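Here's a quick walk through a structure you may not have met before. Have a look at it first, and then we'll start with its pocket.

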Amino acid sequence: MSTTQLDRQVRRVKKRGKTAASREEGDLHRLRIALKKLRYTAEFFAPLYPKRDVKRYLKKLRVLQNDLGDLNDVANVRRVVGELMREKSKKDNDASMRFAGGAMVGWYGAQVPATAKQALKRYRKFKRIKPFWQ
C-alpha cells in the first residue's frame, strides 16, 4: 500500500518536472507543491523503511524544495509590494516609496534566473535517485 502511494506521488512530481523545464513561475510552483506532497507522503511512511535510506532521500528532497521555495518568495514579494504600491498610491504620490518598491522587486527578480537554473539542476539529479522504498 505504501509503495503505491509513494509511486503515485513520484509520478506526479515527474509530470510537474517535465513542465517545469519551461521555467515558468506557475510550472515551478506546481513542481514545488508536488514535491511537498511527496515529502509528506514519504515522511508518513518513513518508519516502515531503513532510517538511513529515508534520511538521505528526504534531505535531498528538502534541499530541492528550498530552492523552489526561494522562487515562490519572489512571487510573493512582487504581490505584496504591488499591493502596497496600490494602497500607497490611493493616499498620496510618494516617488521614494515607488522607487524602494521597484528596487526590492528588481533585486528579488534578478535572483530568479540563477535560482531557477539551480533548482532545475537539482531536480534532474533528484529524479535519478533511487527512492528508499524501491
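The largest pocket has a lining of 13 residues, and Glu25, Gly26, His29, Leu71 and Ala75 are the ones nearest its centre. What we're looking at is a predicted model, where local features need pLDDT of at least 70 and side-chain atom pairs count only at pLDDT 80 or more, while totals for chains, interfaces and linings use all residues. Residues are numbered from 1 along each chain as its sequence is written, and side-chain values use heavy atoms, with hydrogens and water left out.

How is a pocket found? On a 1 Å grid over the protein atoms alone, a pocket is an open set of points where a 1.4 Å probe fits, with protein on both sides within 12 Å along at least five of seven lines, and lining residues have an atom within 4 Å of a point. Here the largest pocket holds about 180 Å³ of space, a volume being the space filled by probe spheres set on the grid points, which are joined across faces, edges and corners.

Helix 2 (25-45) and helix 3 (51-91) each supply at least two residues of that lining, and helix 3 gives the largest share, six residues. Helices here are DSSP runs (H or I, at least four residues; strands are E, at least two), numbered from the N terminus. By class, the lining has six nonpolar, three polar and four charged residues. Ala, Val, Leu, Ile, Met, Phe, Trp, Tyr, Cys and Pro count as nonpolar, Asp, Glu, Lys and Arg as charged, and the others, Gly among them, as polar.

Now step back to the whole protein. There are four helices and zero strands, so the pattern along the sequence reads α-α-α-α. The radius of gyration (taken over C-alpha atoms) is 19 Å, and the globule rule, 2.2 Å times the number of residues to the power 0.38, gives 14 Å for 134 residues, so the protein is more spread out than a compact globule. Its C-alpha trace spans about 60 × 25 × 25 Å along the principal axes. Among contacts (heavy atoms within 4.5 Å) between residues at least 6 apart in sequence, 76% join residues at least 24 apart.

Back to helix 2: does its length fit its residue count, or what span should we expect? The expected span is 1.5 Å times one less than the number of residues, so its 21 residues should span 30 Å, and the end C-alpha atoms are 31 Å apart, which agrees.

Of the 134 residues, 34% count as buried. Buried means under 20% relative accessible area, exposed over 50%, and partly exposed in between (1.4 Å probe, protein chains only). Several residues of helix 2 are buried, including Leu31, Ala34, Leu38 and Thr41. Here are four individual residues side by side.

| Residue | Place | Relative accessibility |
|---|---|---|
| Gln9 | helix 1 (residues 2-20) | 8%, buried |
| Arg23 | loop between helix 1 and helix 2 | 43%, partly exposed |
| Phe44 | helix 2 | 62%, exposed |
| Arg122 | helix 4 (residues 95-126) | 30%, partly exposed |

Leaving out residues up to four places away in sequence, Gln9 touches Ala34, Lys37, Leu38 and Thr41. Arg23 has a phi near 65°, a positive value in a residue other than glycine. Phe44 is 42 residues from Ser2 in sequence, with their C-alpha atoms 9.2 Å apart. Arg122 is 58 residues from Leu64, with 6.2 Å between C-alpha atoms, and Arg122 is in contact with Val63, Leu64 and Asp67, leaving aside neighbours within four places in sequence.
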